[in-house]
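Colleague: Could you take me on a close walk through one small part of this model? I'd love to hear which way the side chains point and what sits alongside.

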Amino acid sequence: MKQLFLTLFTFLSAFITHAQVKIEGKITDVKRKAIKGANVALGNTYDGSTSDSTGYFSFTTSEKGIQYLQISTEGYKNNTVRVNLDSAISFINVSLKSKVNEIQAIRVSAGAFEASDEKKGTVLKSLDIVTTAGSNGDLNGALKTLPGTQQNNDKEGLFVRGGTGYETQTYIDGTLVRNAFLSGVPDLGARGRFNPFLFKGTTFSAGGYSALYGQALSSAIILETEDMPEKSQGFANFSSVGIGAGILKVNKAKTHSYSVSFNHTNLAPYFALMKQNVSYKKAPMYNQIDISARQKVGKKGLLKLYTYGNLGRLNINRKDIDSYIDSTKTYLYKNEFKLNNDNFYANISYKDYITSKLKINAGVCYSTNTDDIFMQSLTQDDQVNTDSLYKYKTNAIVSNNQLITAKVVLQRNFGSLNNLRFGAEQISYVDKNNLKTYNVNYKIADQYSAIFTEGDVYITNDIAGKVGVRAEYSSLLNRWNIAPRVSVAYKLSRRGQLSAAYGDFYQKPENRFLYANANLNFMKATHYIVNYLYQTKDYLLRLEAYDKEYKNLTKNSFSNSLYSPQNATNDGYGYARGIELFWRDKKTLPGMDYWISYSYIDTKRNFNSYLRSTQPDFVASHVASMVVKKFWVKKMFGVNGTYTFSSGRPYLNYNKTNPYNSTNDANLFLSDYTKAYHNFSVSCNYLKSIKKTFNVFVVSLNNPLYLYQEYGYNYSLMSKNQDGSFHSEPVLPAARTFVFVGWFMSWGVDKTDDAINNNL
Amino acid sequence: MKTIKIAIVFLLSAVAMQAQDNARFLKAMTANLAEWKNVKTPDDAVKITNAFERIANAEPKEWLPLYYCALNTVTGAFQTRDAKAIDAIVDKAEEYINKADAISPNNSEILTVKAMCMGARIMADPMTRGQKYGMQSGMLLETAKKLDPTNPRPYLYEAQSKYYTPEAFGGGKKVALPLLEKAEELFKNFKPQSEISPNWGVDQVTDLLKQCRG
């Protein structure tokens with residue numbers, strides 16, 4: 001009986017509440033600053049409390065014995081404190097160690113798959129590109145509103161920080177793109193090939209780019225294609241320059257998708273309406289097909305395929321300044337330039353997690369480009385010019401290049417942020433040039449290999465570094481190089497950071513030098529960059545200063561065989577220094593988003609056929625842009641304006657520097673400057689849903705103010721003015737103004753989508 | 001006999017302990033839910049979320065405390081003014097709701113909160129994220145509706161997100177109105193599984209209906 005009673009007593013005693021014990025204390029960080037909102041929990045019970053704004057917490061508990069207080073809060077490492085509830089509890093002071101947190105940590109590189117410079121570079125979204133006035137939907141047109149770029153609309157390529165167009169290369173999904181621009185017509189520039197909507201992001205790095213990329217002395221345009229699309233859709237476009245249509249299908253489980261689109265661009269109707277400075281025997285016409293496919297692999301892997309084919313044709317006739325007669329101010333002849341371009345590009349990329357900490361990114365790419373060029377001199381009534389002096393202008397050239405590249409990058413994560421990337425890249429290419437008129441064939445082939453490694457190191461939440469090294473070998477040059485790349489970022493405050501970068505960048509000389517002489521070395525540029533970035537939700541301020549030292553640039557002679565590439569050496573050298581400002585403001589002007597870029601550059605180089613070290617003819621010392629966008633959400637209507645200014649560019653004046661003369665005064669070489677360049681463009685876009693389609697209407701006007709723009713001067717060695725000087729003409733855009741009108745529409749094709757809509 | 005008596009006592013105490021645990025859980029949850037209705041400031045919200053989190057850590061088999069932690073956190077994401085902080089807040093909310101999902105899969109209320117997490121992410125960058133997260137959010141809501149056709153909350157959240165979506169993208173008052181009316185009707189007849197099961201939202205429906213109608 002007693003035993004039973006005792007058992008019952010023990011049983012009942014479990015229900016008796018004990019005396020309450022009070023636990024209190026203070027939570028701070030290692031600097032003794034109070035942490036509010038921390039969760040202080042008595043392990044495995046409900047008891048606990050939240051720290052207030054002074055870090056103080058208190059609560060009572062009826063638990064007994066040894067217990068553990070668990071303290072947790074965002075941004076700090078959890079902490080456990082042992083307490084003995086049977087004895088007196090003293091005031092508990094806890095200091096929490098900060099956790100290097102992925103969101104709060106500053107970024108020297110951001111994102112899991114791209115190892116490039118999202119902070120030093122500026123990221124544009126495809127919507128930004130398409131809606132920037134003056135870009136005409138061309139990626140490079142939009143990049144020209146960012147600091148570091150030049151307004152060289154007469155030349156092919158993007159000119160960055162004193163470098164030539166060749167020094168900036170484009171990469172898609174990690175691999176190098178050989179012909180990123182449509183084949184250019186001399187003095188008329190060229191558009192980029194690829195549709196900006198293909199890419200989920202564009203990173204433009206004006207210098208100091210990652211060790212994962214190479215063979216670009218100045219800068220890298222890093223593009224990453226969209227991953228798995230969200231829904232099936234059909235799309236079509238009608239514009240003043242062409243038509244196109246396509247279809248995109250995604251399966252319900254979103255494990256695979258494919259897309260096919262066709263575009264026909266034809267400038268003939270437009271040129272019939274808008275007079276151009278040049279006459280087109282055949283206005284530029286492009287037939288293009290894009291095919292994409294995506295396949296999910298396993299849980300986290302993705303296989304992407306992108307192929308592109310483009311056939312371009314044009315035939316342009318321009319007055320031949322060599323046939324200019326000053327006394328009558330007429331041109332006897334014109335130059336015909338006929339270009340057929342066939343381009344095919346295919347890229348397969350694969351990304352996946354091999355283990356939870358090891359990621360792989362691999363890509364294989366094939367491209368081939370053929371330019372079939374024919375030039376000759378014609379009389380004004382389109383007959384072949386029989387004048388023997390002009391016979392040398394007849395030229396037929398077929399050039400073809402083929403490229404196969406393969407690249408693999410492995411990334412090993414250590415903790416949540418530190419990581420190490422390493423990989424290798426192989427580029428095999430063949431470049432052939434058949435000068436049909438002279439029956440001369442040039443061919444070069446190169447096997448280029450590179451290995452690289454790079455690591456992101458987060459020392460604290462405030463200091464991060466990126467260290468990498470890249471080694472390259474070219475079989476054609478039979479040389480190798482090693483390039484270190486280092487960058488460091490230091491967080492000054494919640495919104496501001498300072499970073500610095502140093503790196504060596506190598507690039508093979510241009511092909512025209514290699515045809516004649518492959519015994520050349522890599523050209524080299526060393527970059528030193530310092531940058532301050534201040535960013536809030538509404539504002540972004542970026543200030544950057546840089547110094548680039550160029551060595552081993554190609555050098556050949558300025559002789560009467562006119563800049564012949566034979567006997568080139570690597571004796572060229574140069575420097576480029578400058579400061580740049582970028583300010584983006586989405587708040588001050590209500591409903592408006594605007595940005596301002598300003599670049600100042602001081603650069604000189606003595607390379608190729610230059611007679612002295614001087615500012616190159618593709619650089620203007622001051623370049624500024626202002627882009628303004630306003631979008632009325634209620635009306636779904638937007639207006640965009642872009643104003644660009646660039647100071648004069650040097651140009652070669654034959655009257656001061658005569659190519660026939662073996663002794664020229666070097667100080668007069670490139671000593672003339674063009675007039676300053678101003679351009680203003682405006683565009684409007686209107687979004688409307690009509691029944692089941694989503695439509696965007698765009699009207700864009702380039703230079704509606706009809707401002708005079710010149711890019712340089714062309715001189716004739718055959719035509720002399722009445723005063724005996726060589727005749728010259730300014731290099732002008734093909735037309736002062738350009739008007740674009742377009743209608744883009746898309747509609748859902750997925751039946752489940754309709755079903756959902758019907759059920760509402 | 002003695003052995004049996006002792007056995008019975010132990011058995012009874014085990015049952016009693018269990019009942020006591022359940023009672024303790026219900027009591028704490030009920031108390032917290034009462035506090036939850038009175039939350040006014042973000043600091044209050046943190047206190048309540050922490051209280052739910054303590055219960056969740058002590059009761060690893062219960063999905064409800066995790067559900068309320070996630071709901072509180074994602075509501076904070078909708079209310080924050082700092083677009084850049086949204087992703088971090090939603091990450092935390094998704095941590096909670098994914099744990100709840102593991103405990104109680106195919107749960108209409110849990111899927112509704114998951115859809116809210118997707119929707120909150122759109123606010124960090126509406127132009128770029130609208131389509132992707134909008135679609136994913138919509139699909140989760142459809143599944144939530146199918147799993148429990150009597151649950152008004154998927155309709156409520158869908159109405160809220162349509163209300164704030166521009167008309168050109170398929171949103172606006174006209175689209176939100178029928179969804180709100182459906183939610184209103186379901187609220188009238190809704191019977192929660194227990195007194196601590198989700199039963200919130202009727203006030204939000206009333207407020208939004210006023211905006212839509214007048």
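Modeller: Gladly; here is a short strand with its two partners, followed by a brief look at some other spots. The model is predicted, with local features needing pLDDT of at least 70 and side-chain atom pairs pLDDT 80 or more, while totals for chains, interfaces and linings use all residues. Residues count from 1 along each chain as written, chains are lettered from A and ligands numbered from 1 in written order, and side-chain values use heavy atoms, without hydrogens or water.

Our stretch is strand 2 of chain A, residues 39-42; strands (E, at least two residues) and helices (H or I, at least four) are DSSP runs numbered from the N terminus. In a regular strand, side chains alternate between the two faces of the sheet. Here A:Asn39 and A:Ala41 point one way, whereas A:Val40 and A:Leu42 point the other way. All four are buried (under 20% relative accessible area; exposed is over 50%, partly exposed in between; 1.4 Å probe, protein chains only).

Now for the neighbours. Strand 2 of chain A runs antiparallel to strand 3 (residues 48-50) of chain A, with three bridges joining them; pairing takes at least two DSSP bridges. The two form a hairpin with five residues between them, and in the turn A:Asn44 has a positive phi of about 65°. Strand 2 of chain A also pairs with strand 5 (residues 66-72) of chain A, again antiparallel, over four bridges. A:Asn39 makes a handy landmark: its bridge partner in strand 3 of chain A is A:Thr50, and in strand 5 of chain A it is A:Ser72.

Elsewhere in the chain, have a look at A:Thr379, which lies in strand 21 (residues 358-379) of chain A. A:Thr379 counts as buried because its relative accessibility is 17%. Its side chain makes a polar contact of 2.7 Å with that of A:Asp381 (N or O atoms within 3.5 Å, one able to donate a hydrogen and the other to accept it; sequence neighbours count only through side-chain atoms). Leaving aside residues up to four places away in sequence, A:Thr379 touches A:Leu332, A:Tyr333, A:Lys334, A:Val384 and A:Asn385 (heavy atoms within 4.5 Å). A:Ile247, in strand 14 (residues 242-250) of chain A, is partly exposed at 33% relative accessible area.

Chain B, lastly, has nine helices and zero strands. Of its 214 residues, 47% count as buried, and its C-alpha trace spans about 80 × 35 × 30 Å along the principal axes.
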